[in-house]
Amino acid sequence: MIKINNFNTKLADLFIKSQENLSSTRFIQDTATNWAPKAVFARSREDFFEMSFLEFLESGIFYFASPVLGEKLFRNKIFKNLAPKNIRNQINELIPKSTAEILKNKNISNEIKKRAIATKAGIVLACTAIPVAEYVLSFAKNLFTLKTFNKSNFNNIANLDKNEKEDKKQQEYVEQNSKKHLKRGALVSIGAFAAGLLLALCGNKSNKLQTLSKTILEPGKTISNLGKNLGIKSKKTDNILSRFSLDFANENGKLALSKGQLALTAIVGLFGYSKAAEDRGKLDVQEVWTRVPLVVFYTIFGSELFEKGFIKILQNKGKCKDIIKQGKEGATEIVKRAELENLAKTLAKAKNTNTEKELSRLIKEKAFVTGVPYAFSLLFMGLTLSAITRLFTQYRYNKENKTKDNSSLQTGFEIKNHLPQVFSAFR
């Protein structure tokens, strides 16, 4: 291992290491791009605390629930014990591998393959609790604000109207509806967990259950195959659909958040935001649909599209050649942190230079390549979008109250015009 002595290089190294773990990367990025800018533009104490409540819990659900529930609880504590003892460990070792890898493995029996695929699907099904939790989180936020600050009207929470009073009937409705959705979410999660257990136990015994298991794991691929059977063939469509894999990512033999899981949770969360906003007023719904769809799109596609565009610019200008390489099927890839030390040794030998110097250069280049898209997400998706959203909400509120404001303004003009007559009466 090459020792790094330069402080700035160490900081750059910490940054790129965090970027290569999807859960920790996304958690940090989401907090930076969503919570911090909203904190800057918080419109009231209530707005700040409910936003903080939502953002931190949401980030935890998005980025840590899958590996914690999927890996530590379901895989190693519960579902592992459903298989016969003599093949239990073999099946458990296959869980992080993709369906294609399992099916292509000629060293294991069909029985083990079927059990592994059914168990994987069962774990994914049990993890339905994660998108469900994201959906009901907005209702939990409504309840939190009501119980903590005794407010349920969005106009008051966003400090749009300093004189509007709370409606007790609305508060009662918000409380009842929030509790109802939280209870439903718990029941759906329990039902999905039970279904996951049944699938893991019986999924190897039926071809239909095997097909169901594969569909649960790779719904995008299933849709793509249906399209091909109907004569619809499109590589672009297939690439988009391939993103919607609900199977876990394999992170050194452990289950980790996948992009498909992230996409599903983000989309479900959007509708949870909107439904919960309906309880608090039209302006809350409009604010959700102004901001959240852009955030969801950027979460699923935007960050990657921007990164690819930025890398293309660097390639065209001949920059960072040692960091940017051509991967499988001609796709552009960035050298991973784990590969940098061997690359530094190779370059140092070829150039007859210092290994630490080469490693330091590679780390800084990689930090630059990954840091610019990160900064964009912070500045645009965070600060700019938060500011614009709040300005639009204020604009809508002002527009709604324009008639009342004009009436007040006209009254003011009338008083001003009559003042000379009033004063003359006292002369």
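A salt bridge is a side-chain nitrogen of Lys or Arg within 4 Å of a carboxyl oxygen of Asp or Glu. The structure is a predicted model, in which local features need pLDDT of at least 70 and side-chain atom pairs count only at pLDDT 80 or more, while totals for chains, interfaces and linings use all residues. Residues are numbered from 1 along each chain as its sequence is written, and side-chain values use heavy atoms, with hydrogens and water left out.

**Exercise 1.** Find which residues are linked with Asp322 in a network of salt bridges.

*Solution.* Begin with aspartate 322, which forms a salt bridge with arginine 361, the closest N and O atoms being 2.9 Å apart. This pair links distant parts of the chain, since aspartate 322 lies in the loop between α14 (282–316) and β3 (324–326) and arginine 361 lies in helix α16 (residues 355–400), 39 residues apart; helices (H or I, at least four residues) and strands (E, at least two) are DSSP runs, numbered from the N terminus. Next, arginine 361 also meets glutamate 365 in a salt bridge, at 3.1 Å from N to O. Because glutamate 365 and arginine 361 are four residues apart in helix α16, about one helical turn separates them. The full network links Asp322, Lys351, Glu358, Arg361 and Glu365, and a search of the whole structure finds 20 salt bridges.

**Exercise 2.** Decide whether arginine 45 and glutamate 46 are buried or exposed.

*Solution.* The cut-offs come first: buried means under 20% relative accessible area, exposed over 50%, and partly exposed in between (1.4 Å probe, protein chains only). Arginine 45 has 53% relative accessibility, so it counts as exposed. Glutamate 46, with a relative accessible area of 7%, is buried. The side chains of these two residues, arginine 45 and glutamate 46, meet in a salt bridge at 3.8 Å, N to O.

**Exercise 3.** Work out where confidence is lowest and where it is highest in the protein.

*Solution.* The quantity to read is pLDDT, the predictor's confidence in each residue, from 0 to 100. The protein averages a pLDDT of 84, and 89% of the residues score at least 70. Confidence is lowest in helix α17 (residues 402–425), at a mean of 42, and highest in helix α9 (residues 168–202), at 97. Over residues 407–427 the pLDDT is below 50, and this stretch has zero contacts in the model beyond near neighbours in sequence, where contact means heavy atoms within 4.5 Å.
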